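Me: I would like to go through this model by question and answer, with the reasoning behind each answer spelled out.

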Amino acid sequence: MPGRATAGQAVAVRPGDMVGILGGGQLARMLALAGARLGLKSHVFAPEEDSPAFDVAAARTVADYGDEAALARFAETVAVATYEFENVPAATTAFLRERCPVRPDPAALAASQDRLLEKEFINSLGIATAPFAPVEDPGALARAVATLGRPCILKARRFGYDGKGQVLVREGSDLGAAFRSMGGVPAIVEGIVTFACEVSVIAARGADGAFRAYDVCENLHDHHILSVTQVPARLSQEGARAALDIARRIAEALDYVGVVAVEMFVAAPDASTAAAEALIVNEIAPRVHNSGHWTIDGAVTSQFEQHMRAVCGWPLGSTRRLGAIEMRNLIGADVDRWDEILRDKSAKLHLYGKHVSRPGRKMGHVTRLRLDLTG
Ligand code: AMP
C-alpha cells in the first residue's frame, strides 16, 4: 500500500491513504469528516454497531478492543492509527504498535488514564494541580480527608469522565459509605480548588516537534458536563500566555504527536500582589476535545484537521481564530430544537447522527461566531 509504514519507521502518509481511528463516537466522526476533506480515508474500529462515526467512514470494524484477529486486519488496512478516547486498553495499543504506527504514542494514554499518575506527571514538570492524595482503602481516605480538609472530592483513578466515578466529601459525609459507593476501586482525594473560571488549551504538536495552540477556551459546565465554550477566555494576556506554555511543556514532555487538550482551573488574581491568574491543571486529554469543537467554524484549521495532519506527519495548519465564538453543546433533549437552530442565521449546527437521545448524552453542538474582519 502506498505510504504504508511499519512501527518504528517514519510515518509517510499520502492523500488517499487510510487512517485508523479507535472509537466511533462524535470525535471519531468529526475526525473522519476532516480527514475526508484532505483526501484521507478513515477506518473506524468500535465495538458498538451504531457508532456515529460509521456513517462517514470508508471502512468499519465492529469488534471489541481485545479482538486481536480484528485488530490485525484493521492494522493491515491503515497507514497510521489514532484514537478518539483515552481509555483505549494498553494491550490494544501495544498489539497495534507491532503492526502499524500509532499516534499519539500510547505513553500519552498511560499518563492520562490514571488520575494519580497524571497528577504526578504534571507536578513533575513544575505545573500545579489541586492538592491530592492516593486512596487505596478507607483508612487512607480518612487520613487524606484529614489532611486536605472538607469539602474534598474522592475520584476513581481510572475510567472517570464528566464527573462519573466521583463523590463529594462534605462536612458530616460518611467516609466508609463514600469509599464503598465507588466500589472500593483505587482512587485519589482532591482538595477543592476555588476557581474564577475553567479554561482549556487545545494544542497540537507535529511529528517534527512543531507546536501550535488555539486561543484559550473558557468552559462552563452543567452537572459536570461541558455546556458552553467561549473564546477568547477572560484571561489576562499574561495568563493566556502561561496557559499555552503549560500545554507546550506537557506536549513536549510526552514527545506528543497530535492534538492534546489541557483542562485548567483559573484561580482568581490576587489584587494585593497584582500577580497574574494562577493556573491549576485538572486534566490532560490526549485527543481532540469537546471544548475545541468551535475550531470547525471559528478557526482557519479545525482541531480535527489539525489532528489528522499531525498523525499523518503533515505540516500543522494555522490555529488563527476568526472572531468571538460561543459553542453550546446540545445535550439530551436540547437536540429537539434542531429546526429552530437552523432558522437562526448566526448559528452553525452540528448533529452527531445518534439515534437515541438520553439525558446527559451529547447529541450535537451549535457554534455562534461574531466574525472579526479587521485582521
Ligand atoms: P473532572 O471529571 O475531574 O474533569 O471534573 C469535572 C468537573 O468537576 C470539573 O470540570 C470541575 O468543574 C469540577 N471539579 C473537579 N475537580 C475539582 C476540584 N479539585 N476542585 C473544584 N472543582 C473540581
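Me: How many Å separate an oxygen atom of the ligand from an N or O atom in the side chain of Gln 166?
Reply: In this predicted model, Gln 166 is listed with Lys 155, Glu 190, Val 193 and Glu 198 as the residues that come nearest among the 17 around the ligand. A polar contact requires a pair of N or O atoms within 3.5 Å. The pair formed by the Gln 166 side chain and the ligand oxygen satisfies that cut-off, with a separation of 2.6 Å.

Me: Which residue has a backbone N or O atom 2.9 Å from a nitrogen atom of the ligand?
Reply: The candidates that come nearest to the ligand are Lys 155, Gln 166, Glu 190, Val 193 and Glu 198. For Gln 166 the atom in question belongs to the side chain, and its partner is an oxygen atom of the ligand. The backbone atom that lies 2.9 Å from a ligand nitrogen belongs to Val 193.

Me: What is the phi of His 224, a residue with a polar side-chain atom 3.2 Å from an oxygen atom of the ligand?
Reply: His 224 is located in the loop between β11 and β12 (225-231). Most residues other than glycine have a negative phi. His 224 has a positive value instead, near 70°.

Me: Is Asp 255 buried or exposed?
Reply: Asp 255 sits in the loop that runs between α8 (237-253) and β13, and its phi is positive, near 45°. The term exposed applies over 50% relative accessible area. Because the relative accessible area of Asp 255 is 52%, this residue is exposed.

Me: Which element gives the largest share of the lining of the largest cavity?
Reply: The search of the whole structure finds one cavity of 30 Å³ or more, and the volume of the largest cavity is about 40 Å³. Its lining consists of Glu 198, Val 199, Asn 219, His 221, Glu 263, Met 264, Phe 265 and Asn 282. Two or more of these residues come from each of β9 (197-205), β11 (217-222) and β13 (258-267). With three residues, the largest share belongs to β13.

Me: What is the relative accessible area of Gln 306?
Reply: Gln 306 belongs to helix α10 (residues 303-311), and its contacts, leaving aside residues up to four places away in sequence, include Ala 204, Arg 212, Tyr 214 and Val 259. Buried means under 20% relative accessible area. Gln 306 is therefore buried, as its relative accessible area is 0%.

Terms used: Residues are numbered from 1 along each chain as its sequence is written. This is a predicted model: local features need pLDDT of at least 70, side-chain atom pairs count only at pLDDT 80 or more; totals for chains, interfaces and linings use all residues. Side-chain values use heavy atoms; hydrogens and water are left out. Helices (H or I, at least four residues) and strands (E, at least two) are DSSP runs, numbered from the N terminus. Buried means under 20% relative accessible area, exposed over 50%, partly exposed in between (1.4 Å probe, protein chains only). Contact means heavy atoms within 4.5 Å. On a 1 Å grid over the protein atoms alone, a cavity is a set of points where a 1.4 Å probe fits but cannot get out, and a pocket is an open set with protein on both sides within 12 Å along at least five of seven lines; lining residues have an atom within 4 Å of a point. Grid points are joined across faces, edges and corners, and a volume is the space filled by probe spheres set on the points. A residue is near a molecule or strand if one of its heavy atoms lies within 4 Å of it. A polar contact is a pair of N or O atoms within 3.5 Å; within protein, one must be able to donate a hydrogen and the other to accept it, and residues adjacent in sequence count only if both atoms are side-chain atoms.
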